[in-house]
Structures are given as structure tokens and as C-alpha cells.
Amino acid sequence: MLARAHSVALIGVDAVPVEVEVDVSNGLPAFTVVGLPDQAVSEARERVRAAIRNAGLPFPAARITVNLAPADLRKEGPLYDLPIALGLLAAQDIIPAASLEGLLIAGELALDGSLRPIAGAVNLALLASQLKRDALLPDGNAQEAALIDDVTVYGPRNLGDAVQHLNGRKLLFPAQPTEVPGDQDSFPDLADLKGQAAARRALEVALAGGHNLLLIGSPGSGKTMLARRAPGLLPPLTRDEALEVTRIHSAAGLLTSRGTLQRHAPFRAPHHTVSDAGLIGGGGIPKPGEVSLAHRGLLFLDEFPEFSRKALETLRQPLEDGRVTISRARATVEYPARFQLISAMNPCPCGHFGDPEKPCTCTPTERIRYAGRLSGPLLDRIDITLKVPRLTVEELTRAPEPEPSERVKARVIAARDRMMQRQGGRNSDLAGQQLREHAALTAGPLAFAQAAARQLGLTGRGYDRVIRVARTIADLAHSDTITEAHLAEAVTYRPRELV
């Protein structure tokens, strides 16, 4: 007997259809899985055999062949356990073979027949929507997959539940996503940071326009404290953006709230010991890296020069293109990576260069070498660079009461709304004709910008970034045109030297 079930394979963040063919024939008992399976798929034989028997269902003493088509596509992970088991039961007429036709099936089986969650449930549901099929997934994934509106998702808790549903004896109810209140209050408030008016302003400009930001200052100046309050200043994601983010996190198996869209922009802060594959994505089996997990959100790199040179240089393409292409011998995958970079660094190895109270112990050569860990092309992709001085106790005491995040967030959202109405996106994404159209300069500001570019030795990319930042400053000021004042502030964010 031959039976077929339908499943998926994850290629990057996209799900592609896989047909699971199960043949049961006379011969010496054997269980063979073909179709380019990895070790986890090959081991499905033992999990499926034990799960079927422990669920009280018959396992045939026959020659079993499972083919995962297309045969030239690498199959990875334990998600094929459930479709293989159901195909094997259909081949024995224990369940109707026709009941598998309209379903996309995936799930990992425990030895007792219970089902464990898998990665990529949202991605599977998106494919099910395109193919006009229902989805059969473990109960732990059902609410997650039900986020896709036009897909009916069934979530059995174990193999027995799935068999009874397909036999029509005890039908499962379609899963429903659970909308939970937002967790905006969980973000630390900007009111915790006293003083540092210039740094607060730079962060506001950066978040309003989606500009990359580098903060330079000695330890204790508030760089990290400022950056970790950035997520609380961002507007919630639109539904389309939330689906983009959710499917990336689903493919990586990182959804922290099952059945709920990722409504807030992600915030990723990897340690500086992260590998280039961990940062950009990749590995023997390509997985999304930190830049893709920060898609539509913030990537915070503290101790910026301490990251390996190779890892930092891999940021150059995604900072420009908003995507990552990873080529391996087995496959080439593409991940979205439209993130905003916030980075922080000390001015020198000891951290105290320019500090009013603690003397620097580094030589000029050591300071130059430290700053040289960041290449010119990488720095050229950073829109705003600001030196953050460490404030004395007296200055902190005299500092006025700081603004809370709520007020700053309102200005950021208002500026973003102006951008969306004008060009349909953030100012940081303006390029080519769009930049010339929406950030056009009149004669006076144009002459000012050209003079500043000559004095600072800006590249063409650096000049465009100054114009984009000036456009954001104008939006925060509710101005339709860019003035010399807006350009002057934007120019101050591109110093000639880091230290």
C-alpha cells in the first residue's frame, strides 16, 4: 500500500512543500527513509515506531520505505515525524488516505506518542494559506500558526488525537490566536537617565528617522543605559511588519509568546564574543543571525570595537541592502535584515580619554589603533556619531528633571507619521530619486551642505546620510523644508575623527 502526506521544508524563512510518500510492502521487516534526510530525519524511524506502538496502534512487520520529495532538497529536523507516522497509518488503512490530502502536516513525536512543538509554524501556515490547505500541527504550535488569518489550524496533543480527528471520531476544534495586552510598560523609562541632553536628542533623531547611531564615551557616561531605553521610544509594528518579524522568530524557534504577533520592534544585544555566523547568520545548517532577528527593530552592539573585525565587516552589506544572502554548498538562503544599528564604545582601551576626572593611561598610538578597529567603510554607514561625556556628581545633581519616554515617543511617532504620509517609509530608506524629491534643498541650504561636505571630506554616501538626517530633524520640527539650522545639526553628528 502507498500513502501520501504533505509537509514542508524551511529554506531560510520561507517554507517550501515536501511530499511524504510511504510505501508498505511484503518483505523482510525494514524501515528506510530516503530523499536527502539529515540525521534527525533518519532517526525519525525509531521515534515513529515507538510512538505508534505506545499509542496502541499497529506497526507493520513489513518493508517500509519513506520518500521525501523533492529528493534533491535537504530535509532537516524532526518535523517529519508526524507526517511519516500518519502516512504509515494511512498505508495500513487505519486512517483514510484521502483525509491527508487537504492538510500540511508537521510535528515531532515523543516516544509515548505525544507531540512536541517545532520551529517555523508561522512559516508553514503562510504556505498553507498559499496552497489553500489546512494545517495539522502540535498543540504547542497551533495558536502560533493560527496568526495567519485564512488558515484553519488543528492542534492535536498526541498521535491518538490526530488519528481520531482524521477518522472523524473526535474532531478537533480549530485553534485561535490569543491577543494579549502589549508589554510596553516593561521597557525601562528614559526618565531614569539624568542629564546628557545632547545624547538624548541624538537618540530621538536616530529613532525618528531609523538612522544608525554610534555613542562614544568613557565608562559610566550613560551610553548603555540610553541605548537600552530605545525600544520604549519606538512605535508598535504594523500588522505586515509584525508578520515579517514573527515568521523570522518562528523559523529560529524563538517565539516567546505562542499565539501572539511580535507587536513591538525587536531589540537584540549580542555579546561582543559573538561569531560572524552568529551575527550575520549561517552555520552548517544556515540559521538566521542577530541582524535578521533584529529585522524591523534595533541591533545594539555594546563595546563596538571589541567585536571581531571579521564580524563587524559582515555588517556592511546588510546595513546598505537590508538583507543577507548566505551561500553554502548545500543551499543558498536569503534572510531579511532591515535593522537599525545602535552601537557604543569607549574612546580608548582604558576608557578614560577625555574624562574630566580620571586620566587616560593609553598612548596616542594605542588610541589610534583602538579606533582603527572600525573600518572607514563601516563608519561611513553610521549616520550619527556622538561623544557622550561622563558627568560629575555635581552636574548630575544640577541637571533638570528628564523627560519620560512617553513624551519622546510621541514626538518620534509624529515624525514617523509625517514620513509615512510623504514617502511611505523612514527617512533612512530614502535613496536615489526619492531622496532628491523628498529632501530637496534650496539654494542657501545646498551651498551650506556642499561646503560642509568639502570641509569634512564626506563621500557621496556620507553626504546623502547627512541630508537624510537633516530631513528627520526637519520632520521633528514640523518643517516641510530643510534649513541651514537642520543641516548644521546633522553635520555635527559626523565628526572628522572618533577620538
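**Exercise 1. Ala 69 and the peptide bond that follows**

Task: Determine whether Ala 69 is buried, partly exposed or exposed in this predicted model, and describe its surroundings.

Solution: Begin with the accessibility, which for Ala 69 is 21% in relative terms. Since buried requires a value under 20% and exposed a value over 50%, Ala 69 therefore counts as partly exposed. Next, place the residue in the secondary structure, where Ala 69 belongs to strand β4. Then list its contacts: leaving aside neighbours within four places in sequence, Ala 69 is in contact with Pro 17, Val 18, Glu 19 and Lys 75. A further spatial relation links Ala 69 to His 6, for although 63 residues separate them in sequence, their C-alpha atoms are 9.8 Å apart. Finally, inspect the backbone, where the bond joining Ala 69 and Pro 70 is a cis peptide bond with omega about 5 degrees, and where Pro 70 itself sits in the loop between β4 (63-69) and α3.

**Exercise 2. Positive phi values outside glycine**

Task: Examine Leu 36 and Lys 132 as residues with a positive phi that are not glycine, and establish where each of them is placed.

Solution: Start from the general expectation that most residues other than glycine have a negative phi. Leu 36 departs from this sign, with a phi of about 60 degrees, and its place is in the loop between β3 (30-34) and α1 (39-42). With a relative accessibility of 38%, Leu 36 counts as partly exposed. Turn then to Lys 132, which also has a positive phi of about 60 degrees and is found in the loop between α4 and β8. Its relative accessible area is 70%, so Lys 132 is exposed. A further positive phi, near 65 degrees, belongs to Asp 93, which follows α3.

**Exercise 3. The open sheet and the helix packed on it**

Task: Work out the strand order of the three-stranded open sheet, and find how helix α4 is placed against the sheet.

Solution: The sheet has the order β5-β8-β9, with parallel pairing. Its edges are β5 (103-105) and β9 (153-154), each of which pairs on one side only. Looking at one pairing in detail, β5 and β8 (residues 134-136) run in the parallel sense and are joined over three bridges, and within this pairing Ile 105 has Leu 136 of β8 as its bridge partner. Helix α4 (residues 121-131) packs on the sheet and touches both β5 and β8, while its direction makes about 160 degrees with that of β5.

**Exercise 4. The largest nonpolar core and helix α3**

Task: Identify which residues touch the most other members of the largest nonpolar core, and which helix gives the most to this core.

Solution: The core contains 116 residues, and the members that touch the most others are Leu 86 and Leu 159. The helix giving the most is α3 (residues 81-91), with eight residues. Now consider the burial of this helix: eleven of the eleven residues of α3 are buried, so α3 is largely enclosed by the rest of the structure. Among these buried residues are Leu 82, Ile 84, Leu 86 and Leu 89, and also Asp 81. The contacts of Leu 86, not counting residues up to four places away in sequence, are with Ile 95, Leu 100, Ile 105, Leu 136, Leu 159, Ala 162, Val 163 and Leu 166. Another core, of 33 residues, lies apart from the largest one, and includes Leu 279, Phe 307, Ile 326 and Phe 339.

**Exercise 5. The crossing of α17 and α20**

Task: Classify the relative orientation of α17 and α20, and name the residues that make their contact.

Solution: First take the geometry, in which helix α17 (residues 405-423) and helix α20 (residues 460-476) pack at about 115 degrees with their axes 9 Å apart. As angles from 65 to 115 degrees count as roughly perpendicular, α17 and α20 are therefore roughly perpendicular to each other. The handedness comes next: α17 passes α20 in a right-handed crossing. The contact is made on the α17 side by Arg 411, Ala 415, Arg 418, Met 419 and Arg 422, and on the α20 side by Arg 471, Thr 472, Asp 475 and Leu 476.

Methods: Residues numbered from 1 in each chain as written. Predicted model: local features only at pLDDT ≥ 70, side-chain atom pairs only at ≥ 80, totals over all residues. Heavy atoms only, no water. Pairing = 2+ DSSP bridges. Helix = DSSP H or I, 4+ residues; strand = E, 2+ residues; numbered from the N terminus. Contact = heavy atoms within 4.5 Å. Axes fitted to C-alpha atoms, helices over the stretch in contact; angles between N-to-C directions. Core = buried A, V, L, I, M, F, W, Y, C linked by side-chain atoms within 4.5 Å. Buried < 20%, exposed > 50% of the residue type's maximum accessible area, 1.4 Å probe, protein only. Parallel < 35°, antiparallel > 145°, perpendicular 65-115°, else oblique. Left-handed = near helix turned anticlockwise from the far one by under 90°.
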